[in-house]
Structures are given as structure tokens and as C-alpha cells.
Amino acid sequence: MTIQKEVDRRKTFAIISHPDAGKTTLTEKLLLFGGAIRLAGTVKGRKAQKYAVSDWMEIEKQRGISVTSSVLNFDYDGYRINILDTPGHQDFSEDTYRTLTAADSAVMLIDGAKGVEKQTKKLFHVCRMRGIPIFTFVNKLDSQCRNPLELMDEIEETLGIRSYPMNWPIGVDGDFRGVYDRREAKIELFEGGRHGQSITVSEAGDVNDERFRQLLGEHLYNRLCEDISLLDIAGDEFNIDKVIAGELTPVFFGSAMTNFGVRPFLEAFLALAPSPGGKSHSEGSVEPFDNDFSGFVFKIQANMDPAHRDRMAFIRICSGKFEKGMEVVQARTKKNIRLAQSQQFMARERVTVEEAYAGDIIGVFDPGIFNIGDTLCGGDKVFNFEGIPMFPAEHFAEVMAKDSSKRKQLLKGIKQISEEGAIQVFKRPDTGLELLTVGVAGVLQFEVLEYRMKNEYNVEIEIRKLPFEMARWTDTEKFTKDMLGYSDAMLLEDQYQRPVILFKNQWTLNSFQEKHKNITFFEIAPLV
Ligand SMILES: Nc1nc2c(ncn2[C@@H]2O[C@H](COP(=O)(O)OP(=O)(O)OP(=O)(O)O)[C@@H](O)[C@H]2O)c(=O)[nH]1
Ligand SMILES: [Mg+2]
């Protein structure tokens, strides 16, 4: 197959939403259709001792939440699909944000009972900024949900995007009966009971079939007919160009847990979602079907496999063909690097990748040489894709090993986890004892840190929270330590020995700034 053909059959997308809307559950069900797993793990099904495949981290299994994004891939109907399951919790949004840079489209989940929630709104805007198409899946129709017309209004109003319902639910007041497929003018009935563990076969047929009037009863049937004519008259028209431009979101109703409406969603999504496109960089741009390989690192993750304790760098391929063991230039260092031990993922299960194409996401062994945001170029031309920013940390704490003889493990763990971008590390200058200060964007990261240090590095740590809310870098030449005086601020240095000042809050920063007008502060570390 030519590169063009391979690119055309690829669909790479991220699933985003507020916590608990059902992203991991939907991911599981999609994998099931791909034949990738025979039995979908039940999310939070602790009794069954079966866990969602994309929640592979021990802490995720225990808590039933996703703390880091997962990459999974499978084949379906001739397509090669790369799914990025992201965490919904705001404390892990940095990870979600980075992951979105690797996606060509997004599936936004909405809990049918709750509507558009805060974190969904935030993530939606990130997708908007990136200009990627957004598909909406209104989930949990099997339990009591809000009026679908009201939900559509809320999506349009709070998110500022037009919507087009691809199907329409029948009976949402806790008596979910099925959906009407608008394009095919067909009804598919929900059978209730135990689905979810396998692929459902349900009764389906033309909407005008008298059978459905009887099956649904006069009331529901008439209501459906009214709703449909209302949508046809008052709703937006379907327009694929607007979908691709991110101006119109196709909306699907269904239930991930009971596996209802998931297959029609997948099929419609695959037909409409864009395949990988071109991407601009510092010297121009690449097309996915160009012969030269290019890609960038958007995620680094250590210890995915407790048996190996190694570290993987995740690469989104932007152009050309990847071949196992190929040599590329790392744009930041201009060094040649052999991409060894390339793998693709079914959560914990890894499969060696011999070749991959633009749109694919692969993991390569990282002996500690990759940074998040690194561009890798396979051809003669070396360039940089746009970098991936770090989120400013908002919570700070001093971290030490409970057992001081474990200092070596402590340093190793903190270093590796900071290289993954989950924490930022600072030191106190000029003190004999090397006290480590850690900054995070969300407090739950501290818990993850504590947990991972114990489980992956065998060090119990103590975390002493500090009363600061912001870290600022500054111009090194002008700043002196004495300037801080007795203010509510603390001087630290980052890994490159540059001064970083922690301020208690915006007010402390402002009053310091008043006194020292010639000093400039930076929210984000200047590039090295
Ligand atoms: N009733 C009902 N419950 C569902 C459905 N889909 C998911 N759930 C439940 O909702 C809860 C959250 O599901 P997850 O898939 O873990 O949600 P998530 O969006 O991945 O959550 P985070 O990754 O933590 O943001 C679980 O208890 C699921 O069983 C559904 O279709 N119907
Ligand atoms: Mg999840």
C-alpha cells in the first residue's frame, strides 16, 4: 500500500470530558468492536477483579479514575484507529492538553443527566483553539436523563457551537427505549438487561413500520414523530465542511455501559472524522504522505510495565513511514537517534511495531534522552514543530524520604516523574541540605506522586505543603536575593540553576513588583 492509502485509513482521536462521563467505558466498548478484547473490563468493577484496559496504573484501578492518558489502537472495517483516552479530573489537565496535540479530532462525552460540565467546557475550548472537529456522544441514556432538546440548547449556548443530532433518543425519563437514526430513518430498540459484555443485536427497522407504533406505544411514538419534525424544520442542516472546520458538532445519543448506540456511533464517526492532515513547522510544513518521516514526542511515561521498569516516549507521527530501528535527527540536539524497541499499545499489552504511518502513535524506548515536545526528523531537513507548553504549577511542597537512607531512590523517582511533566522540581540554593521542592498544577498530583514513589521506586515520602500559589522565573542579571527581604516569597532554583521565586499569591507578587519595577517575571520558564 502507498503511504497515501495508509494515511487515508487512519483515524486518530482523543476522548475528552468532565470526570466520570464515561470516557474509559466508551473506549473499552470501541475496543470490543475492534475485536481487540473479547470481554470489556468493567470500570470500577472491583468485585469482578476486572479493570478497564486503558486504566492500567495501579492507582487508577483502585480509584476507578484515570490519572494519565492512554493510547490504544485497533483495526475496524479497514480503518486503523488510534484512541487517546484522557483523564477528566482538572488536576491532570496538563496531560490531557498535551495528548490533544496528538489528535486529529475529539470525541466529547456528555453525561445525559448532567449536561455540559465545567471540565468539558475547558477541554472543549482547547479543542476549539486547535481547530479540530468535535463529535459529541451523550452518554448514560439507560438511566434518567435530561430532555434532549434542552441538552442540545445547552451544548450550543454554553459551548458556542452549532449541533446536529445524528440520532434521537426515545424515552429519556428513566424509560429509555432506543434511538431513531435520522440519516437512515430507522429505529433501533434498546433491550435493557445485561448488555455491555458483548455486542448487542437489537430490533431495528424503518420508522414508518407500524410495528414500532405498537412496540413504543402511542405516546412515545407520537412524541418521537413530533421531535423529528421539529428537528427537521428548526435544526441546523448537516454540513460536513462545517464539521471539519469545528463549527458544527454531530451529536450521538447512547449508552457506553450497556453498549447501546456505540457501533452506529463508531461507524458514523469513522466515515466523517478526518484522516491525518498537514502540519506546519519552523521551516514550512509537512504533508502526512511525504516520504520523509517526521513526528514529535507528546508524552513520556516510566514504569508502564512493572516487569520491565522502563520508560517510553510516545511519538505522534506527522509524515511519512516509520520503520523499526530507523535513524532520525532529534531537532533540539541535532543528534542522530535510533528509534529502538518501537511498540504500540493495548494498554498494558504491547506489540512490537515494524512499521507505522503518519497519524499513528507509537512508543519507543527512552533511555532518558527525550523531552516532551521534541521533534524528530527522518529526512535531510531538520525543523521544529510547535512546542508543548508546561502549565504553571499552583501548589508546592517539600518532599523527603521517610527513610533517609533511600535518598538515591528518591532522587531517581523525582527526576523521572518530573521528566514525564507531571511535577516540576526546584531546589534551595546555597543550603547544605538538598531539600527538594515540588510544584504541581493540581493537588491530586501529590497523591499520585506519593503512590508512585512507593510502588514504583520503593520510597515512602513525606510531603510538606508550602503556602505558595505561584512560581515565577525572572531576569537573572537584575534579580538579587536581598530584594525579597521579609516578603511572603521564597527563592529557589530550577534544574538549570536559574532563580525561581514562589509567591504566596497574586497580591504578594503585585506588591513586590511595585517595589521593583525593573524586574520582569515569567510565568513559564524561558527556553534553555
Ligand atoms: N448508567 C450508566 N453508567 C455509565 C455509563 N457509562 C459509564 N458509566 C459509569 O460511569 C462511571 C464513570 O465511568 P468512566 O468510564 O470511568 O468515566 P471516565 O470519563 O473515564 O472518568 P475519568 O477518567 O476519571 O475522568 C462508571 O461507574 C461507569 O460504570 C452508561 O452508559 N450508563
Ligand atoms: Mg477514564
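This briefing walks through the overall build, the domains, the ligand shell, the core and a few single residues of the structure above. Keep in mind that it is a predicted model. The protein has 528 residues, and its radius of gyration of 25 Å agrees with the value near 24 Å for a compact globule of that length. You'll find 12 helices and 31 strands in it, and the chain is divided into three pieces: domain 1 (13-66 + 105-272), domain 2 (279-377) and domain 3 (395-522).

**Overall build**

- If you lay the C-alpha trace along its principal axes, it spans about 85 × 50 × 45 Å.
- As for burial, 44% of the 528 residues count as buried.
- Contacts often reach a long way along the chain: of those between residues at least 6 apart in sequence, 69% join residues at least 24 apart.

**Domains 2 and 3**

- Going by C-alpha atoms, the centres of domain 2 and domain 3 are separated by 31 Å.
- Where these two touch, domain 2 puts in six residues and domain 3 puts in five residues.
- On the domain 2 side, strand S14 (residues 294-302) brings the largest share, with three residues.
- Sorted by class, that side of domain 2 has three nonpolar, two polar and one charged residues.

**Around ligand 1**

- Ligand 1 has 24 residues around it, and the closest are Gly22, Thr24, Ser66, Gly88 and Met257.
- By class, this shell is made of seven nonpolar, 12 polar and five charged residues.
- Helix H2 (residues 23-33) gives the most to the shell, with three residues.

**Two buried helices**

- H2 is also worth a look for its burial: 10 of its 11 residues are buried, so the helix is largely enclosed by the rest of the structure.
- The buried set in H2 includes charged names as well as leucines and threonines, among them Lys23, Glu28, Lys29, Thr24, Thr27, Leu26 and Leu31.
- Those buried residues of H2 pack against strands S1 (10-16), S2 (70-76), S3 (79-85), S4 (105-111) and S5 (134-139), along with helix H9 (262-272).
- Helix H4 (residues 93-100) has eight of its eight residues buried, so this helix too is largely enclosed by the rest of the structure.
- The buried residues in H4 are Ser93, Glu94, Asp95, Thr96, Tyr97, Arg98, Thr99 and Leu100.
- Packed against the buried residues of H4 are S1, S3, S4, helix H5 (118-130) and S14.

**The nonpolar core**

- The largest nonpolar core has 128 residues, and Ala106, Val297 and Ile315 have the most contacts inside it.
- Strand S15 (residues 311-319) gives the most to this core, with six residues.
- Take isoleucine 315: beyond its neighbours within four places in sequence, isoleucine 315 is in contact with Gly295, Phe296, Val297, Ile361, Ile362, Val364 and Leu376.

**Phenylalanine 446**

- Phenylalanine 446 sits in helix H11 (residues 444-457).
- There are 20 other C-beta atoms within 10 Å of phenylalanine 446, so it is buried; the cut-off for that is 20 or more.
- Leaving out residues up to four places away in sequence, phenylalanine 446 touches Ala397, Val440 and Ile463.
- Phenylalanine 446 and glutamine 343 are 103 residues apart in sequence, and their C-alpha atoms are 30 Å apart in space.

**Two residues with a positive phi**

- Lysine 140 is not a glycine, yet it has a positive phi of about 70°.
- You can find lysine 140 in the loop between S5 and helix H6 (148-159).
- Lysine 140 counts as buried because it has 24 C-beta neighbours inside 10 Å.
- Glutamine 341 is not a glycine either, and its phi is positive at about 45°.
- Look for glutamine 341 in the loop between strand S18 (335-338) and strand S19 (343-346).
- Glutamine 341 has 16 C-beta neighbours inside 10 Å, so it counts as partly exposed.

Conventions:
Residues numbered from 1 in each chain as written. Chains lettered and ligands numbered in written order. Predicted model: local features only at pLDDT ≥ 70, side-chain atom pairs only at ≥ 80, totals over all residues. Near = placed C-beta within 6 Å. Helix = DSSP H or I, 4+ residues; strand = E, 2+ residues; numbered from the N terminus. Nonpolar A, V, L, I, M, F, W, Y, C, P; charged D, E, K, R; others polar. Core = buried A, V, L, I, M, F, W, Y, C linked by C-beta atoms within 7 Å. Buried ≥ 20, exposed ≤ 12 C-beta atoms within 10 Å, placed from the backbone. Contact = placed C-beta atoms within 7 Å. Domains from an automatic or database assignment. Rg over C-alpha atoms; globule rule 2.2 N^0.38 Å.
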